[in-house]
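Biologist: I am new to this structure and would love a close look at one part of it. Could you take me to a single residue, Modeller, and then show me how the rest of the chain is laid out around that topic?

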Amino acid sequence: MLELTKPHSAAGNAPIVDLSGVRQVYHKGDNADLVVLDDVSLSIREGEIVGLLGRSGSGKSTLLRIISGLLPATGGDVRWCGQPVTGPCEGLSIVFQSFALFPWLTVLENVEVGLEAIGVPAAERRRRAIEAIDLIGLDGFESAYPKELSGGMRQRVGFARALVVHPRLMLMDEPFSALDVLTAETLRTDLIDLWIEGRLPIKSILMVTHNIEEAVLLCDRILIFSSNPGRVAAEIEIGLPHPRSRVDPAFRQLVDDIYARMTQRAPAEKAEKRVSEGFHGTGIGMALPHLSTNLLAGLMEALAAPPYEGKADLPDLAATLQMEVDDLFPIAETLQLLRFAEVAEGDVKLTDLGRGFVDSEVDARKRLFAEHLLAYVPLAALIKRVLDERPSHRAPFTRFSEELEDYMSEEHAETTMRAVISWGRYAELFGYDEQTKQFDLENPA
Ligand code: ADP
Ligand code: MG
């Protein structure tokens, strides 16, 4: 038999995990250090499902690695069951987004692996693995190989492997985000049903997600994680009883509130900071998302048209366009950076300039885009200036990418360069030759 734990109110239970003032800095060779987590404090108690909701790159996976003892924090206090964490914690398992199964092992063997590592005898291993496999709905697939399974079934193996060790805490790092919509929902429902029935051999769950609705559907408590650097910006108790319905007005209200908090406006005097929120860095060192101008123009057009007429509720827009927060926020924020839209209180609103863009013909759009690019994207202005100043009117890619790498990772620098190349081309500010890796003023196309 599995040890059954009936979940109950977690308030008053001793914390399993306790973090205070946790800080994480990644050193990047001779470049500036990257502060990923700053002053993160949180605790997780027995009997609760806690959601850590934040955007891509906000440091969620880093935090999970710190909690699990795989990564020593740069600073702060990390405790597991009251004791300082000095190495990998026992009684904790992780479900990853990618299933990370061993392709040469069967389902049963994949599930047994974790028990082998902690020295459980063979017969006991088998018995517990079969139990976990049955529990998670993989009965009959014991001798199948991962390649014979669908994505949803593979992730069930991932869950079985985490559950088989009967951990006190199960960490989940975006476990549903690689699955299609229906499969993800089935798996969420199965998991929460098992949890409510007290059939999961675990005490608590910490789930990382960038999906607001998923967090409201599953969690007792949600920690909203801010970006650059990551810290806990707000905490929300979800008092709704299970099973929860996504169309319940109380559910919708919570989703709306969270959208609003995640797009909260800084005070007016910090306008410059506000428009660059969501972007790493400022000035030349601002990391830009690589979004096509079609996508940017497309969102402006959708916003201008009925039913929005210039202003839309972000959750509404996300549902209509079938976009997740991580897809939609960067577009909205780029439009804000370019002063074509404003994002506040969970809404995105076209500015007069944004409306002007939508109402213009192709050439006028390009001119407007070019003006805004030069005014509000310092990297675009720098490239243009360097090209204007050089007698050859040419400059290599590395002239700018190397400068960017003083401020950000190589990966972000590459993405930022790609963004500015495609925006600059559209605006006909400059051209870029992929063969010679040179910017030029001659063939802006
Ligand atoms: P999330 O899981 O929220 O998407 P991560 O914790 O994976 O965020 O990453 C947070 C930031 O830290 C990102 O900017 C990422 O590029 C950076 N980062 C993650 N791991 C490392 C590492 N080992 N070295 C340097 N930078 C890292
Ligand atoms: Mg992550």
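Modeller: Here is a walk that starts with Glu174 and then moves on to the whole chain and a few other places. Please keep in mind that this is a predicted model, in which local features need pLDDT of at least 70, side-chain atom pairs count only at pLDDT 80 or more, and totals for chains, interfaces and linings use all residues. Residues are numbered from 1 along each chain as its sequence is written, chains are lettered from A and ligands numbered from 1 in the order in which they are written, and side-chain values use heavy atoms, with hydrogens and water left out.

Let us begin with Glu174. You will find Glu174 in the loop between β7 (169-173) and α5 (181-196); helices (H or I, at least four residues) and strands (E, at least two) are DSSP runs, numbered from the N terminus. Is Glu174 buried or exposed? Glu174 counts as buried because its relative accessibility is 12%, where buried means under 20% relative accessible area, exposed over 50%, and partly exposed in between (1.4 Å probe, protein chains only). Its side chain makes a polar contact of 2.8 Å with that of His210. A polar contact is a pair of N or O atoms within 3.5 Å; within protein, one must be able to donate a hydrogen and the other to accept it, and residues adjacent in sequence count only if both atoms are side-chain atoms. Setting aside residues up to four places away in sequence, Glu174 touches Lys60, Gln97, Val208, Thr209 and His210, with contact meaning heavy atoms within 4.5 Å. The backbone of Glu174 deserves a look too: phi is positive, about 45 degrees, although Glu174 is not a glycine. Most residues other than glycine have a negative phi, and most peptide bonds are trans.

Other places share this backbone theme. Arg339, in the loop between α11 (325-337) and β12 (341-344), also has a positive phi, near 65 degrees. The peptide bond from His242 to Pro243 is cis, with omega near -5 degrees, and Pro243 belongs to the loop between β10 (231-237) and α7 (249-262). Another cis bond runs from Pro306 to Pro307, with omega near 0 degrees. Pro307 is in the loop between α9 and β11, and so is Ala305, with α9 covering 293-304 and β11 covering 311-313. Ala305 is partly exposed, with a relative accessible area of 30%.

For a second buried acidic side chain, turn to Asp38 in strand β2 (residues 34-45), which has 19% relative accessibility. A polar contact of 3.0 Å links the side chains of Asp38 and Arg23. Beyond its neighbours within four places in sequence, Asp38 is in contact with Val22, Arg23, Pro229, Gly230 and Arg231.

Finally, step back to the whole chain. Its secondary structure comes to 16 helices and 16 strands. The radius of gyration is 25 Å, close to the 22 Å that the globule rule gives for 445 residues, so the chain is as compact as a globular protein of that length; the radius is taken over C-alpha atoms, and the rule is 2.2 Å times the number of residues to the power 0.38. Along its principal axes the C-alpha trace spans about 75 × 50 × 45 Å. Of the 445 residues, 50% count as buried.
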